[in-house]
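Student: Please take a close look at one part of this model, the packing of one pair of helices. Then connect that part to the rest of the structure.

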Amino acid sequence: MRLRTDDDIYRARLVYLGPPGYTLPVHLPYAQYGLFMLLVPLYMFVHWLFTLQVELFPAWEIALAIVTTSFVFRYVDPDRPARMVIHTALTDWRRTREPAAEQRDPRLVGSRIRIREELA
Amino acid sequence: MSSHYAPGSPAGQSAATQGDAAQSVGYAAELEEAHHDPTRATSPGHGGVGVFQAPRPLQQRTPTDPSPTAGTDIDSPFLDLFGATRPARSTPSRVATREQQPTIPQQLGAGDPPAASTAPAAPPAPAAPAEVERSPAGSPRRSTRVPHQIGERLAPTETGAAPLPAETGAATPPVETGAADPPPADTTPRRHPGERSDPDSRDAPPSNRRSTGRRDRTTKPARVRPPKIKFKDRDPSVELAITEIAGHLTFTPNTVTAWYWLPEVRWAFRPDAEREALLAAISEQYAGLAGFRLHLRRTTRPFPADEWARTIDTHTRAPLPDVPGTPSWADHLVAAQRHLHSVNHAEGQTYLGVTFARRSLGDSLVERVRRSFGRGVAEGERRKLGRTVEQFDEVLGAFGMRGRRVTTPELEWLLYRSVALCMAPPGRLSPVTDGHWERGDLLALTEQVERYRTPYGSTVKLVNRMTGEEGHVAVLAVGRMEPLEIPERHEPWLHFHERLPWPMELSSRVDILGSGDSFRNLEHRLRMIRSQQLDYAEHGIDAPPELERLAERALVIGDEMTTGLPVESARAHGWHRLAVGGRTREECLERARRLIQLYSRELRVSLQHPKNQDWLAREFIPGEPIANTGYVRRMPVNLFAAALPQAASTVGDRRGDLIGRTAGTCRRPVFLDLHFPMEVRERSGLGVFVAEPGGGKSTLLGALGYLAARRGVQVTLLDPSGPLARLCAMPELAPYARVLNLTGSEPGTLAPYSLIPTPLRSEFSTGDAGDREFEIAVSNARAERRMLVQDICMMLVPPQVAREASTATLFRHAVRQVPAEETATLDDVVATLGKLDDDAGRELANLLLDTAEMPLAMLFFGRPPAGLLGPDATLTVITMAGLRLPDLKIEREYWSAEEALALPMLHTAHRLAVRRCYGGSMSSRKLVGLDEAHFMEGWRSGRSFLVRLARDSRKWNLAALVASQNPKDILGLDVQNLVSTVFVGRIAEDEEIASEALRLLRVPVNDGYEATLASLSAADSSSAARLGYREFVMRDVDGRVQKVRVDVSYVDGLLDHLDTTPAAIAAAAGVLPVVADLEA
C-alpha cells in the first residue's frame, strides 16, 4: 500500500499580494502581516509605559516590529508555525549559552494521584 | 534513497546487504556498542541476577543445634525456613557439594510425567516419592536443592506421610504458590520502597552514642543546627495533571482518558496479504475512534532475566551435577543472565489512551472537595463513565489491535516511566516476582526525579535523587514524511527505531477526525488555495504551479472522503515524538543523530530535533499538555495504523536455554526448550536444521546438545565427521560424557535387526485396545526391521547388482524367511540366501560375504556387544572418524568401496543413535541430534525412520534434531507436517534450495525472502576476521518465524570446543584432547 500524508496540502504558501489593483513589491505570508500588526501595539504599549505618551506615528515601534517579525519568521516553516516559534522563544529563553549550572525545573510529581483498582 | 529498503520488506529487490538480514551501515558499530554498553537503558542495576544454589548435601539441622544464626533474636517459626543455611549463604555453598558428587549421573525424575514441569507448582507426581527411594545416589542431592525446586515443594503435601525431619527445614511451606517463589538467595525480608530511609535510621544510634560520649567530656552541649537547604526555585515541584487513576481510566481536571494495552503483533516473515489485513483492521479501529484524542505511548521494560532463570531452573529437575573447578549449574545460569543484561534486551509495552470525556466544572469541583476528605472522583461520575467506556472495549478488542484494559499497576508503571523518561526503571520490580510494588509506590518514586534544562538546549537532564543516576533525554519530532509503501517495502514507521540497540520511548498525540471533520478541514484549506490562485490572477501574476497541483490533490482527497468508506475519510492529525536517552549529553546527542540518520536514509522520514525540550519531554506523560503545535502530521488513519509501534519479533519459548537473540527488526532474546513442543504444545519434537556447509549447523547442534546436557537431558549426538566429539572434553561434561567411534567398534555394533527396538507391553494402555495397539506396534517393528535389512543389503551389494529386478526379489524372499526379531542377524540372511535353490541367491550371499571382509562392514554382521549404549552417560557423541562420505550428486557406480560402505553405516548409525533413547523411561527427557541426515533420502527405510522418529518423539519425550544440507531431503521425505522447529541457515548458492527452505519455514516463496536467506551470516568483506556469529531463520513450534543470531558465547569455552574450522582444530590440538583419547 502506498501511504502518504496530506501535509503538502497544508504546506501551500499563502502570501498577501497586495490590495486589489496594486501589487506589493514583496509578497509576504499573511501570518507575517498578522504578527506585525500585533507587535506594533505591543511596542507602543511598552513605549507608553516608559514615556506615558502616545506618538502619532510610531516610527520606532514599526521598525522594531518589522525587525522582530522578520526575526521570528526566519524560524518559521510549514512544520514550525509562528506560534510555536514564539512559544519556544518565550519558554526557553533564559540564556543562549550553556550555563555552568543548569537551571532546575520543577519536579513533576505524581504521588498525589489517587488510585482505585476498579472503576465503579 | 531508493536503494535502501527496510528489513523484512521483500519487494523482490536485490538485497545482499538489505532485507531482513540487512543492517544499516552503522549497524555493526551499533552492535559493538550494544556489547560494550552493559549499563544503559534497560538499565544498570535493574533486573538482578537470580543466583541459584548448587546442589549440596543436606545440612543436618537438629532442633538442638546450638550454632547461633543471624537474626535469631526474633522468635518466629518462619525465620527458620531457610534457617541453618543462613550464615553459609554469603559463601558459595558449592564447596560443600563437591565431596558428595554422585559418580554416575542419573536422570532423575525419570518416572515423573514431563507435563508436570509445565506448571511450576503443579501437584506432585505420585511417582515422585517412590523415585526418591529408588535412586539413592540422587535423593540426598535432590532433597537439598534450593527450596523452590519442584521436588521439595511438592514432597510434603500429597504423600501424606510425615516428611523427614531433615527435609522440613529445606521445604517451603505448601501454601506457597509457584508464582510467588521467594528469591532463593534472598532471605532478608522484603522491603518496601518506603523503607528506603532505613539505613539512616539505623545510623542514628551510633551517632547518638557518639554524642553522648561527647556530652560526657564537655559539660556544655553544643547545639547542632541542621544545615539549611535553600531552593532557589519558587516551587520545586509541580503536580502532574492527572489527579486520579480509577481502573483503566485517568482523570485530569478537564478530561478523562481510558487506557488500553496493545499486545505485540508479529510482523516479520508474514505474507503481505496478512500484514495488509492487519493494517486494515487497525485502521478501521482507529477510524472507529473518530472524534477522540488518542495518546499512543510505547515504553520499555527490561527483560526479566532472573524470572527466566527461575523458570528454567524450575523446569530443570535434575541439572548435571557439578564438577569441581568448573562452572556449576548455578554459575551457568548466572552467566546467562549476565549475558542477557549486557545485551540490553528491552521488551516494548504499548499503551493507547483515548481521551473521551470532557469533565464539567461541577465534576472537577466535586472531586476537589471530595479529595480533601480523601475520597476523589464522585461515584456517580465514575459509574456514568464506566458505561461510556465500554464502547472502546468493543472497538479496540477486535482483531487488529486486540487491546485490553490496562491495570492500575501498569498505568503507574507508565506514569513513572514517563516522568523518568529513558531512565533506569526502578529496580526490583521484575526481579522479585513477589516483591511487587504496592499501590502508589511507583508514583511516590516520581518525587525523586529532578529535571534540569538548559535554555534552548537540545536535551533535558534528569537526575534520580535516590539512585544518583543521571540521564539525558533528547526528544525528536517526526517531521516531513515521504510516501511509504508499508507492507511491501518499508517497515512500520514507529517500529523501525527498534533496530537500534538502545531502548527508546514513543509518544503520539493524535486527534482522529471523522469524515465530516476532515472534509471540512480539507475544504477550508482548498478554499484558501483557490483564493490565493484568484489573487494571483487578479494581480496578473503567474501563480506558482504547485498551487494548482495541491488544489487538485485536495480535490481528489476530498472526493475520496465524500464517496469512500469511513476508513478512507478518517484522518489522524497529531504529533509523534521519539525520546532518546543517554548517560551523557554527548551520548544522547550521538544516539539522536544516529536515529535521525537511520530514519532519513531508510524510511525517508525526517526527524526533527526542536528546542523546548523540557516541554516535549513532558508531553510523554499521560495527561500533560501538548508541548507545542509544531510538527503536526496530518495523515489518513491507514498511515497512522502503519506506524504499528506494537510490532515485535519474538520467537521461541520463554522457558528454555538462551541461544541468542532475534536479529531482524528488533532484538529480543531467544530461548529454546526442545521439549516444549512435546510437553506443552503436544506436538512432535522433530527439529530440522538446514544450511549450506559452513552455515553453522553442526555448531548449533553441538551448542543445543551441550545446553540440554547441562539441564540433565540425556543427549545423543551423531556427528559423522567428528568435531562434536570434542564437546565431551569440556571439563564440566567430561565425567558424564562418552564418545563412541563407530569406525573402531566391535563387529555387530550396527547389526540392523537389533537397531529397531521391540515395543514393550507396558508402553501401551491396559485393556483390549491397548493389546491391539501393542500387537500392531510389534508387527510394525517387524516390518520395519525387514525393510531396513533389505535396504542395508541393497546398499551393501554393488549398484549394478542392486539394480537387477531379481536382486530385490531374492532379498525379500530371504528376509521373509528370517524371523524379524531383535535377535536375528545379517548372517542369518546370508545363510538363508545360500540355502536358496538358486544360483543368483548364492551369488548374492557370496557378495554379502565379500563385503563382510571389509573391516567396516563387519559392524553389520554378528550380534551387537552387550551394554553398548546404556543410558548411563548424559552426553554420548557417536562419531565415524575417518569415514569418507560420498558425494550424493555422483552416481553410485563411481563411489569407492569405502564411500559405498558409508551409506549403510550412516543409515544404521542414525538408528543406533535413536535406539539409545528407547532404553530408558518414556517420559524422561531425551535429545538426539543427527547430522548429515540427507543420506537418508532416497531410501524408504530412511523416510520411515524420520516419520517414526517424529511420531515417537511425543510418546517418548524425545527431541530429535536433524541437520541436512538441502531442505529437499526433508521435504522429499514428506515429514514436513511433523516438524515443529526449523532452523534455516545461510543459503546463497541456489535459489531453488532457498525456496525449498522457505517452504520448510512456511514463509511465502517468491516474495523476496530468498534474498534474506542469502544474506544470513553475511561476512563483512572488508574485514579479515572470522565471523563471530551465525544467523538462522527460525520457525518455532507456534509458527512464528524470525531471524535469529545464535550466540552462546556466555558459556565459557563452548565455542572453542565447537569450532570446526581446520585452523581452530589445529590450534586446539595441543590444548584439547584428540578424539581417540576421549573414547570410552
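Tutor: A helix pair and its surroundings

Helix α10(B) crosses α11(B) in the right-handed sense. The model is predicted, and everything below should be read with that in mind. Helix α10 covers residues 305-315 of chain B and helix α11 covers residues 329-342 of chain B. Their axes are 9 Å apart, and the packing angle is about 150°. Angles over 145 degrees count as roughly antiparallel, and α10(B) and α11(B) are therefore described as roughly antiparallel to each other. On the α10(B) side the contact uses B:Ala305, B:Asp306, B:Ala309 and B:Asp313, and these meet B:Leu333, B:Ala336, B:Gln337, B:Leu340 and B:His341 of α11(B). Sorted by class, this contact holds 5 nonpolar, 2 polar and 2 charged residues.

To place the pair along the chain, use the domain assignment. Chain B is assigned domain 1 (244-303 + 345-512 + 571-647), domain 2 (515-569), domain 3 (677-745 + 868-1018 + 1026-1080) and domain 4 (758-860). Between the C-alpha centres of domain 1 and domain 4 of chain B there are 69 Å.

Another helix pair in chain B can be set beside this one. Helix α26 (residues 768-796) of chain B packs against helix α28 (residues 805-817) of chain B at an angle of about 140°, with 10 Å between their axes. The result is that α26(B) and α28(B) are therefore oblique to each other. The crossing of α26(B) and α28(B) is right-handed. It is B:Arg786, B:Val789, B:Gln790, B:Cys793 and B:Met794 of α26(B) that contact B:Phe811, B:Arg812 and B:Val815 of α28(B). The classes here come to 5 nonpolar, 1 polar and 2 charged residues.

Chain A also has a helix pair to consider. Helix α2 (residues 30-51) and helix α3 (residues 59-73) of chain A pack with axes 8 Å apart and an angle of about 135°. The two helices α2(A) and α3(A) are therefore oblique to each other, and their crossing is right-handed. From α2(A) the contact takes A:Gln32, A:Leu35, A:Phe36, A:Leu39, A:Val40, A:Tyr43, A:Met44 and A:His47; from α3(A) it takes residues including A:Ile62, A:Leu64, A:Ile66, A:Val72 and A:Phe73. By class there are 12 nonpolar, 4 polar and 1 charged residues in the contact of α2(A) with α3(A).

Next comes the sheet of chain B. It is an open sheet of 11 strands with mixed pairing, in the order β19-β18-β28-β27-β26-β20-β25-β24-β21-β23-β22. The edges are β19 (669-672) and β22 (737-741) of chain B, each of which pairs on one side only. With direction ignored, neighbouring strands in this sheet are turned by 25° against each other on average. At the β22(B) edge, the partner is strand β23 (residues 875-879) of chain B, joined in the parallel sense over 5 bridges. In that pairing B:Arg738 is opposite B:Thr876 of β23(B). Helix α34 (residues 991-1001) of chain B packs on the sheet and touches β20 (686-690), β26 (979-984), β27 (1030-1035) and β28 (1041-1046) of chain B; the direction of α34 is about 145° from that of β26(B).

The two chains also meet. In this interface, 50 residues of chain A contact 79 residues of chain B. On the chain A side, the elements giving two or more residues are β1 (2-3), α1 (7-10), α4 (82-91), β4 (103-105), β5 (107-109) and β6 (114-116). The largest share, 5 residues, comes from α4(A). This side of chain A has 19 nonpolar, 10 polar and 21 charged residues. There is strand pairing across the chains as well: β5(A) is joined by 3 bridges to strand β1 (residues 237-239) of chain B, and the two run parallel. Within it, A:Leu108 has B:Val238 of β1(B) as its bridge partner.

Conventions
Residues numbered from 1 in each chain as written. Chains lettered and ligands numbered in written order. Predicted model: local features only at pLDDT ≥ 70, side-chain atom pairs only at ≥ 80, totals over all residues. Contact = placed C-beta atoms within 7 Å. Helix = DSSP H or I, 4+ residues; strand = E, 2+ residues; numbered from the N terminus. Nonpolar A, V, L, I, M, F, W, Y, C, P; charged D, E, K, R; others polar. Pairing = 2+ DSSP bridges. Axes fitted to C-alpha atoms, helices over the stretch in contact; angles between N-to-C directions. Parallel < 35°, antiparallel > 145°, perpendicular 65-115°, else oblique. Left-handed = near helix turned anticlockwise from the far one by under 90°. Domains from an automatic or database assignment.
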